[in-house]
Structures are given as C-alpha cells and as structure tokens.
Amino acid sequence: MGIEFRSGGYVRHVLMGGRTIKDGEAAAIWNVNGVHKQIIGPRRVYMYNSTIRFLTRHKAESHQYIRISHRDGRVEHKYGPAVLYQNPALHDSVSVHDGIRLLSENECIVVYNDSKSSADRNSVPKEVEIATPIEEIADTESESGPKCHGEKQRRKVIKGPTLFLPALGETVREFEWSGRDSDGAFAQSQNIFKILKTDPNRVLSLSLSVTTADSAKFTANMSFQYHMNSLDKCLDSMDPMQKMYDGMLADARSFGDTVTSDQLRAGEQVAVMDRLVSLETYPLLCQAAKAAGFVIDSARLTGLSYCATLQRQANDEQHNAARLRSELAGKKQRREILELEAEERRLKIEQDAELEQRQAEIRAKLEEESHELKEAALERKLALNKREIEAKREAMKGEDAATIQFLTALNNMGVDMTAFMCTAGGMKVASSVLSQAASLQKGKRKEEHTIKGEMNVPKIKTKDNSVDIAWSST
C-alpha cells in the first residue's frame, strides 16, 4: 500500500492478488473481459487477471472551476470547491482553471456565448452563482467576436467588482493590442490581456520620430493621457492602439514639414516644444482615438533627442553659446570687481572726510569747552579777587574806624595830638593802635618815601611786635 498517494502514473497488471485503495485515492480496474469499474477509497480490492490504474486527482477551489472533456464529446464545467478523479475510460482531458477576478468598477471583460450558454448558466448550482456574482453591462450581437461552428454569437460586458467563472459555451475575449516592445519600438500584439481597464487616467507613452523640412531627424518621447468614452466603439475596434499610432505618425510627418533644423538649434526650440505638447498638432491622432472610443486629454514631452548631425551642430552651438556666456560672465565679473573697487575707494574717501569732519568738530567742541572752562575759571578768580578786595576793604574800614575812634578819643580828651605823637611815650602808647591801621601804614610808608632825607624815623621792633618810633630832624 505504501504511504504515498498514487496517481495516473501507477499502472499494474495483477494476475491474482489484491490492492488497497486508501482514503483520498481512486482507481480504475479492467477485468479479463475488459469490463471497467471505478473504485474510490478507502477499499480493499481483490483481482484476477486484471489491470489496475490509479487516477489523478484534480481539485478546484472556490475561485476555480474544472473543465471536463468527456469521451462522448460532452464538455462540462464543474465549479469549486470540487474534486474530480480523471478516468481515461470516461474523460479525454480534465483541467483546472482560475476564474477572472475584477477588482473595481473600472475593470471589465467581454464574454461571447452561443444560444445554449444561457441554459448552461442557469444549470450552475445556486451556491456557485452566489459565490461568483455577474453584472451584465451590455448584451448586444456582434460579428467581431470569436465564432463557434458558424453560429451567430452574443456579446456581453461584465463589469467589476466580481469573480467571473465562465459557463459552458462562454468564451472570454482576449485582446491583442499593439504597444512598445523591450527595445522601446512600437510593435503589434505586444499587449495580450482579457481584463479591459476603463479608468480615466490611462497613459500612452511612445517615441515619435520626426523628419524636418530640411531632412534633419529628431525623436520626441511623448506621453498622451487619454480616457475611454465609448466601450462599444472600443470593442468594435480590433487594435485601437495601432490606429492611434498610425494617426500620430501621419501627424508627425505633417508637423515635420513645418519645422526646420534651425528652429531646433535657435531660440525657437521652446516654440517647437510648445507645439509638440499642443493637441492641435495631432488632429489625425484625436480622430483615430475618437473612432476607437477614446478621447485624448493632454500631451506631454518627456524627452527630445537629435540625430548625429543635428546633435553635433547643436553641441557646437551650445559650446559657442557657453563660451560666449562665459566671456560675458567674465566681463561682467570684472566690471563688477572694478565697480566694487571704485565703490570701496569712494566709501573710503567719504569715511576719511567724515572722520576728519568729526575730528574737527570734536576739536572745536573741545576748544569751546576749554574756553568756557577758562572763562568760568577766570570769572571765578575775578569773583574771588573781588571778594578778597571787598573783604580787605571792609577790614581796612574797620581798622581805620578804630584808629579814627582812638584819635578822636584823644582829641576829645584835649590831648595835643602833634605833641603827643612826637613824644616817645605817646608814640609807644599809640603804636599798638596805629599798627592795626593798614591805611595809615600805607600812608606812613608813602610819607616816608616822600619826606625821605628830611626825617629819619628809626624803627625799633619790640618783643610784642610793637614799633617804637623816635622822630628826629636831620
């Protein structure tokens, strides 16, 4: 028996004996008379002069179905989850296929069926129909779909989100559209698919070769954004991408006849690029897209490349332009340096003049302040001297008043002042008073100078700083 599960590769002729068919296995047995029977395990079978062949197991999950081709010519679809053992006595072929899952409402498929397909789909078990909902968008007759035995077929469009499992007699259309190959060239049958996307943000990217009026060539890498506005027109067109590409080639030839190589090298290059992204440049492309059920929304230039000759000329012009820009930039830089130097010199002169002016103002202010200080000091000194003189004057007045009072007192006493002053005793008595009178001292000194030689007045300094005066005539 063994522990491994046996399949269609296990075939044995048993003269006499038995075989154990495990649970999960199945076998077909032909006896000596060629009578066939199928046994599904677990079971123990005894045979005599018989042939046993284990059967291959096929499993379909909930998103799959089993396509069974019977030996009598019938074809059957068995929807998952299901299991079937392929028996060569009953089946020509058994295969498991995935259903088509449509993820969003922007995805759809086109299904063709004959007159029997509706009956076959009605025979699908209810639980399978619930597991694979189908939404019919259109149900129209068409001559462009696949044919089956010359019968007229019906076409319907199924839109997502859903899981589609085809019924017997239903065929999903396979689209073969042109597109870019691995080398970037546009070729036929590059896009083979069954799910048609109808979302509005579709982009067609390709390289457009343009020959100018003077036989120069350049390549424009273009991206066209488009959307579908008619599903029926798209389905009636076998290869809309090829039709749009042919229209765009014709537009490129017409555009090239209006452009020269000088416009590509000169400052008009921007104008050429603006025309390349304008939809007015592609009338035949827009017409072909409309006939196929599409609308071109916008065009975008992603790259521009020249032929070798044009590229060499463009490189030379760019080199010359770069050299000229470099020279102009150098001259501009030198001019800016000279202007900066002149500006620095001007600023330095202005700063020096301003500094000198400030220094002169500071010196004048200092001189003015010094003069004011000197005047203030002189005024203070004059005021001080004036106060000193007034103080001395007041003191002299007091001293003179005392002297006059003393002499007046002597006079009032009847003293002969002349005799009194001429005597040594009177002089000694009055010396202490007379010495305090500065005016008399000054007058006395003046008198001494005046009458010098006429009278000698010896001065005798006493111990108490008094002066004894002795008058004598010469």
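# A guided tour of the predicted model

Begin with strands β6, β7 and β9, which form an open, antiparallel sheet of three strands in the order β7-β6-β9. In this sheet β7 (75-79) and β9 (91-98) stand at the edges, and because each has a single partner strand, one side of each is left without a neighbour in the sheet. From one strand to the next, the twist averages 20°. The model on display is a predicted one.

**Stop 1: strand β6 and its two partners**

Select residues 64-70, which make up strand β6; seven bridges pair this strand with β9 in the antiparallel sense. Two positions show the register: Ile 66 stands opposite Val 96 in β9, and Ser 69 has Ser 93 as its bridge partner in β9. Now turn to the other side of β6, where five bridges join the strand to β7, again in antiparallel fashion. Ser 69 takes part here too, with Val 75 as its bridge partner in β7.

Move next to the hairpin of β6 and β7, which has four residues between the strands; select Gly 73 there, a residue with a positive phi near 100°. Is β6 itself enclosed or open? Six of its seven residues are buried, so the strand is largely enclosed by the rest of the structure.

**Stop 2: strand β4 with β1 and β2**

Select residues 43-54, strand β4, together with residues 11-21, strand β1; the two pair in the antiparallel sense over 10 bridges. Within this pairing, Val 14 has Ser 50 of β4 as its bridge partner. Add strand β2, residues 26-30, which is joined to β4 by four bridges, also antiparallel. Here Ala 28 stands opposite Arg 53 in β4.

While β4 is selected, pick out Tyr 46, which belongs to this strand. Is Tyr 46 buried or exposed? Its relative accessible area is 64%, and because a residue counts as exposed over 50%, Tyr 46 is exposed. Tyr 46 is 30 residues from Met 16 in sequence, yet their C-alpha atoms are 7.6 Å apart in space. Leaving aside neighbours within four places in sequence, Tyr 46 is in contact with Gly 17 and Gly 18.

**Stop 3: the sheet of β19, β20 and β21**

Proceed to another open sheet of three strands, with the order β19-β20-β21 and antiparallel pairing. The edge strands are β19 (202-211) and β21 (294-306), each pairing on one side only. The twist in this sheet averages 25° from one strand to the next. Select β19 with strand β20, residues 217-228: they pair in the antiparallel sense over 10 bridges. Leu 206 stands opposite Met 222 in β20.

Two helices can now be added to the view. Helix α4 packs on the sheet and touches β19, β20 and β21, with its direction at about 35° to that of β19. Helix α7, residues 283-291, also packs on the sheet, touching β20 and β21; its direction makes about 140° with that of β21.

**Stop 4: helix α4**

Select residues 240-256 to isolate α4. At 1.5 Å a residue, its 17 residues should span 24 Å, and its end C-alpha atoms are 24 Å apart, which agrees. The helix is mostly covered, with 12 of its 17 residues buried. Among the buried residues are Met 241, Met 244, Tyr 245, Met 248 and Phe 255.

**Stop 5: the nonpolar cores**

Which residues touch the most other members of the largest nonpolar core? In this core of 43 residues, they are Phe 224 and Phe 294. Select Phe 224 and display its surroundings: not counting residues up to four places away in sequence, its contacts include Val 203, Leu 204, Leu 206, Met 248, Tyr 282, Leu 285 and Ile 296. Apart from this core lies another, of 10 residues, including Tyr 10, Ala 27, Val 45 and Phe 54. In soluble globular proteins, nonpolar side chains tend to be buried together.

**Last stop: the whole protein**

Finally, select everything. The protein contains 11 helices and 25 strands. Of its 474 residues, 31% count as buried. Among contacts with a separation of 6 or more, residues 24 or more positions apart account for 62%. The protein exposes about 29,900 Å², of which carbon and sulfur atoms supply 52%.

Methods
Residues are numbered from 1 along each chain as its sequence is written. This is a predicted model: local features need pLDDT of at least 70, side-chain atom pairs count only at pLDDT 80 or more; totals for chains, interfaces and linings use all residues. Side-chain values use heavy atoms; hydrogens and water are left out. Buried means under 20% relative accessible area, exposed over 50%, partly exposed in between (1.4 Å probe, protein chains only). Contact means heavy atoms within 4.5 Å. Accessible areas come from the Shrake-Rupley method with a 1.4 Å probe; for residues, only the protein chains shown count as cover. Two strands pair if DSSP finds at least two bridges between them. Axes are lines fitted to C-alpha atoms, for helices over the stretch in contact, and angles run from 0 to 180 degrees between N-to-C directions. The expected span of a helix is 1.5 Å times one less than its number of residues. A nonpolar core is a set of buried Ala, Val, Leu, Ile, Met, Phe, Trp, Tyr and Cys residues joined through side-chain atoms within 4.5 Å.
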